Amino acid sequence: MLDIKTLTIKKAGEMMRKGELTSVELVSACLKNIKEKNKELNVFREVFNDALKQAETADQMMKEGKGTDLTGIPIAVKDNILITGKKVSSGSKMLEDYVATYDAFVIKKLKEAGAVLIGRTNMDEFAMGSSTENSAYGPTRNPLDPSRVPGGSSGGSAAAVASGMALGALGSDTGGSIRQPASFCGIVGMKPTYGAVSRSGLTSMSSSLDQIGPFAKDCDGAKIIFECISGKDEMDSTSFELPKEIKIKSSKDITLGVPRDFLKDGIDKEVVKNFKETLEKLKSKGYRVKEVSMPLLKYSLPVYYIIMPAEVSTNLSRLDGMRYGLRKEGESVFDTFKKSRSAGFGPETRRRIILGTYVLSHGYYDAYYNQAWRVRRAIGREYEDIFKDVDFVVTPTSPNTAFKFGDRKDPLQMYLSDIFTVSANLAGLPSITIPSGLSSSLLPFGIEFTGPLDSDISLFAIEKDLRDN
Amino acid sequence: MDIKDIENLAELAKIELTEDEKKSLLKDLDGILDYVKQIGEVKVGDIEAEYRSKNVWREDKLEEREFSKDLILKQFPDSQDGFLKVKKIL
């Protein structure tokens with residue numbers, strides 16, 4: 001019997017190439033898991049009815065010798081990435097019935113590689129949240145403990161991989177929305193260098209921060225997806241081709257920087273203990289570990305909560321009930337805007353639009369938005385300086401393990417979940433979370449490595465030193 | 001910040017709020033702004049913007065793009081004779 005929960009993308013690909021497994025068998029096994037568990041876990045918003053047909057096409061491709069590393073591999077797609085002819089709701093009532101009119105760049109790439117797009121996954125509305133509790137379609141449950149959240153906003157994608165409903169997944173990461181749920185679900189999640197992956201066909205949340213990235217059980221799988229979806233796209237002028245030749249250093253030549261001052265307060269004791277143990281393990285493999293001083297890092301979260309809502313309030317202004325999405329007729333055109341937006345947006349979305357409108361308004365713009373950009377640039381410089389001394393900056397991925405539903409009622413408390421992830425988005429840096437063990441209540445820990453611009457590929461090489469003993 | 005400010009922001013953002021929502025938003029925003037205002041203490045001077053991203057131009061010539069007009073039309077909340085239909089502005 002095929003155990004999807006432990007099967008990796010690389011292994012499945014090898015089996016298919018040897019003729020030991022077909023994509024139809026693989027996709028059928030995922031569909032069986034979805035049928036058994038999706039009702040309880042609420043991972044998929046929709047399972048695509050052509051998944052098996054895609055698998056047949058992939059099997060044919062393999063037979064003809066045109067297979068790639070992703071041919072026939074079932075991939076789950078976050079509900080904010082466009083696939084022609086499929087609904088894409090961004091977890092919102094506003095876009096409940098919206099059908100994509102073109103393929104996102106990353107989808108084009110996956111289709112060309114022969115991957116099977118198995119369904120679209122649940123998420124916090126417009127990717128705003130750290131638990132999927134903000135989805136207009138109910139929260140996703142963590143497959144490892146259904147009384148807990150899977151993290152967010154790409155909680156559905158993380159849960160799909162962790163529960164064997166897909167072998168890999170796509171998510172989007174604006175302030176940690178790939179890395180935090182990957183950590184909560186015990187898998188690998190990666191945010192690329194800003195521009196390494198095209199944003200064309202990703203529903204915009206905060207355009208200077210958003211990046212699409214992969215989820216998989218291991219770094220090999222995440223790397224296979226990343227290499228497929230990255231590259232220059234004429235539809236996104238911020239996209240570029242990563243340098244082809246990157247020298248991967250051996251562990252003995254790698255220095256890790258630990259921003260110790262930043263790791264003092266508000267972190268769960270077990271998380272701290274696991275972090276220290278993981279660093280010891282890496283030291284035993286030859287890594288040098290160095291304490292670094294990064295005094296501006298603590299300002300990342302407040303900077304993020306100014307820039308992000310500002311961009312959200314402008315990006316979501318297009319959702320006015322006129323050209324697409326929900327329209328609720330009012331007396332005048334302005335009434336129609338208001339009625340449509342009020343019926344379509346949930347509480348967190350409204351909160352961030354109002355907050356963004358405030359920080360961008362006359363009289364406050366300089367103190368908030370302009371100052372936030374100045375500090376953002378200074379944080380980028382701080383990283384640049386640190387990377388002269390160290391290869392990666394390392395922290396826990398999240399200050400805590402997966403929490404229970406309803407545990408973070410105050411918005412600010414929820415925002416603090418992103419404390420270790422947002423700085424990579426602000427500086428545009430590549431960042432990965434890798435599982436680093438289980439807590440006393442069997443919840444996964446994640447350790448996060450952030451590298452210099454364009455060092456994406458080197459992040460995937462660290463995992464082997466964490467797993468082998 | 002007071003309720004009037006929240007009402008003004010909601011008007012600018014074209015969102016209708018109930019009285020209860022206004023109150024809870026006022027409380028949330030006070031908390032969030034109190035937290036984010038700490039960035040004011042950072043003395044960074046004027047850091048010039050350095051953008052990796054550059055303005056990208058393309059030749060102004062006709063190119064083929066694959067779009068289904070029908071699929072786009074279907075996404076309009078209201079349409080007539082293949083055009084998007086909206087309320088009178090003036």
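**Chain B against chain A, and a buried threonine**

Q: What makes the meeting of the side chains of B:K87 and A:E329 a salt bridge?
A: In this predicted model, the side chains of B:K87 and A:E329 meet at 2.8 Å, N to O. The cut-off is within 4 Å for a Lys or Arg nitrogen and an Asp or Glu carboxyl oxygen, so the pair is called a salt bridge. The rule finds six salt bridges across the interface of chain B and chain A.

Q: Which elements give two or more residues to the side of chain B that touches chain A?
A: They are α1 (3-13), α2 (19-36) and α3 (69-75) of chain B. The largest share, nine residues, comes from α2(B).

Q: How many residues does the contact take from each chain, and what area is buried?
A: The contact takes 51 residues from chain B and 65 residues from chain A. Between them the chains bury about 4,900 Å², 67% of it on carbon and sulfur atoms. B:K14, B:I39 and B:K87 supply 14% of the area that chain B buries against chain A, more than any other three residues.

Q: Why is A:T421 called buried?
A: The relative accessible area of A:T421 is 0%. Buried means under 20%, so A:T421 is called buried. A:T421 is found in the loop between α13 (411-415) and α14 (422-427) of chain A.

Q: What makes the approach of A:T421 to the backbone oxygen of A:G175 a polar contact?
A: A polar atom of the A:T421 side chain lies 2.7 Å from that oxygen. The cut-off is within 3.5 Å, so the distance meets it.

Definitions and conventions. Residues are numbered from 1 along each chain as its sequence is written. Chains are lettered from A and ligands numbered from 1 in the order in which they are written. This is a predicted model: local features need pLDDT of at least 70, side-chain atom pairs count only at pLDDT 80 or more; totals for chains, interfaces and linings use all residues. Side-chain values use heavy atoms; hydrogens and water are left out. Contact means heavy atoms within 4.5 Å. Buried area is the accessible area (1.4 Å probe) that two parts lose on being put together, summed over both. Helices (H or I, at least four residues) and strands (E, at least two) are DSSP runs, numbered from the N terminus. Buried means under 20% relative accessible area, exposed over 50%, partly exposed in between (1.4 Å probe, protein chains only). A polar contact is a pair of N or O atoms within 3.5 Å; within protein, one must be able to donate a hydrogen and the other to accept it, and residues adjacent in sequence count only if both atoms are side-chain atoms.
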